[in-house]
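Please read this short report alongside the structure. It begins with a pocket and then turns to the strands.

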Amino acid sequence: MPMPTEERVSQLVAGLVERRGFDLEGVAITAAGRSQTRVKVVVDSDSGVDLDQIAALSSEVSEVLDEAGDFGETSYLLEVTTPGIERPLTAPRHWRRARGRKVRVTLRPGAPQPEDGDRFDARVGAATETEVALVLGGKRKPHRVTVPLADIDRAVVQVEFSPPGAAEMELAGGVAPGRPEPGATDSVDATDGEVPEPVAASTEGIVE
């Protein structure tokens, strides 16, 4: 039996995710060994998501997929998770939730350049549906500029290994509600050398 597409799984779970107060940020389906499929569902919200919420949603998503029967008798591993640290910002809500974070920005060709060059690091400030405040200059000379979202070709949140300066964080307006402080949870764990993973819960499912 062919596997359901990512679009199909998105359609199946989108209503449930929305009713629980989350945004569906993406679905990925990959092989997890020769006889199992991994289904990854990424969710987020303006107020953040904790492990208990993720675990409850994982159980509900699993029930929806089992009832739909699209996987037939194929075993699947469901992972419901939040976006990773180094994630691209592609919608206004992503910018709102990234307030206080450091991002690497690439401007579209021909867009006005607030810094030398069309690629630079900045700290995210307040964002609307059409523009975002960016704090440039780092800890030494922080200053705020406003950039239209339409001028940004790509922006990716950066891992930070030390806390930001107080002045740049003040200009950014602090960290978005429910989000970790930059530099505090991004640091590499000395025991395993890995950056902490996003909040996630996994469930195994099979339709009999």
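The model is predicted. Its second largest pocket has a volume of about 260 Å³. The lining of this pocket is made of 16 residues. Nearest the pocket's centre lie Glu25, Val42, Pro83, Arg87 and Pro88.

Which elements give two or more residues to this lining? Strand S2 (36-44) and helix H3 (92-97) do. By character, the lining residues of the second largest pocket divide into seven charged, five nonpolar and four polar. Two domains take part: domain 1 (6-81) and domain 2 (92-172) each supply at least three residues to the lining. Pockets of this kind can be found by computation. Rolling a probe the size of a water molecule over the atoms shows where empty space is left.

**A salt bridge between S1 and H3**

Helix H3 also takes part in a salt bridge. Aspartate 23 forms one with arginine 93, and their closest N and O atoms are 3.8 Å apart. Aspartate 23 lies in strand S1 (residues 23-31) and arginine 93 in helix H3, so this pair ties together parts that are 70 residues apart in sequence. The count of salt bridges comes to 17.

**Strands S1, S2 and S3**

S1 and S2 pair in the antiparallel sense. In the hairpin of S1 and S2, four residues lie between the strands. One residue there stands out by its backbone angle: glycine 33 takes a positive phi near 100°. S2 also pairs with strand S3 (residues 75-81), and here the sense is parallel. Valine 42, one of the residues nearest the centre of the second largest pocket, has threonine 81 in S3 as its bridge partner.

**The five-stranded sheet**

How are the five strands of the open sheet ordered? The order is S7-S6-S5-S4-S8, with antiparallel pairing. Strand S7 (143-148) and strand S8 (152-157) are the edge strands, and each pairs on one side only. From one strand to the next, the twist averages 45°.

Inside this sheet, strand S4 (residues 102-107) pairs with S8. S4 also pairs with strand S5 (residues 119-127). S5 in turn pairs with strand S6 (residues 131-136). A hairpin of three residues joins S5 to S6. In a regular strand the side chains alternate between the two faces of the sheet.

The table brings together the strand pairs described above, with one residue pair for each.

| Strands | Sense | Bridges | Residue pair |
|---|---|---|---|
| S1 and S2 | antiparallel | eight bridges | leucine 24 and valine 43 |
| S2 and S3 | parallel | seven bridges | valine 42 and threonine 81 |
| S4 and S8 | antiparallel | five bridges | arginine 104 and valine 156 |
| S4 and S5 | antiparallel | five bridges | valine 105 and phenylalanine 120 |
| S5 and S6 | antiparallel | three bridges | arginine 123 and valine 135 |

**Tying it together**

Strand S2 is a good place to start when viewing the model. S2 pairs with S1 and with S3, and also gives two or more residues to the lining of the second largest pocket. Helix H3 does so too, and arginine 93 of this helix forms the salt bridge with aspartate 23.

Terms used
Residues are numbered from 1 along each chain as its sequence is written. This is a predicted model: local features need pLDDT of at least 70, side-chain atom pairs count only at pLDDT 80 or more; totals for chains, interfaces and linings use all residues. Side-chain values use heavy atoms; hydrogens and water are left out. Two strands pair if DSSP finds at least two bridges between them. Axes are lines fitted to C-alpha atoms, for helices over the stretch in contact, and angles run from 0 to 180 degrees between N-to-C directions. On a 1 Å grid over the protein atoms alone, a cavity is a set of points where a 1.4 Å probe fits but cannot get out, and a pocket is an open set with protein on both sides within 12 Å along at least five of seven lines; lining residues have an atom within 4 Å of a point. Grid points are joined across faces, edges and corners, and a volume is the space filled by probe spheres set on the points. Ala, Val, Leu, Ile, Met, Phe, Trp, Tyr, Cys and Pro count as nonpolar, Asp, Glu, Lys and Arg as charged, and the others, Gly among them, as polar. Domain bounds come from an automatic or database domain assignment. A salt bridge is a side-chain nitrogen of Lys or Arg within 4 Å of a carboxyl oxygen of Asp or Glu.
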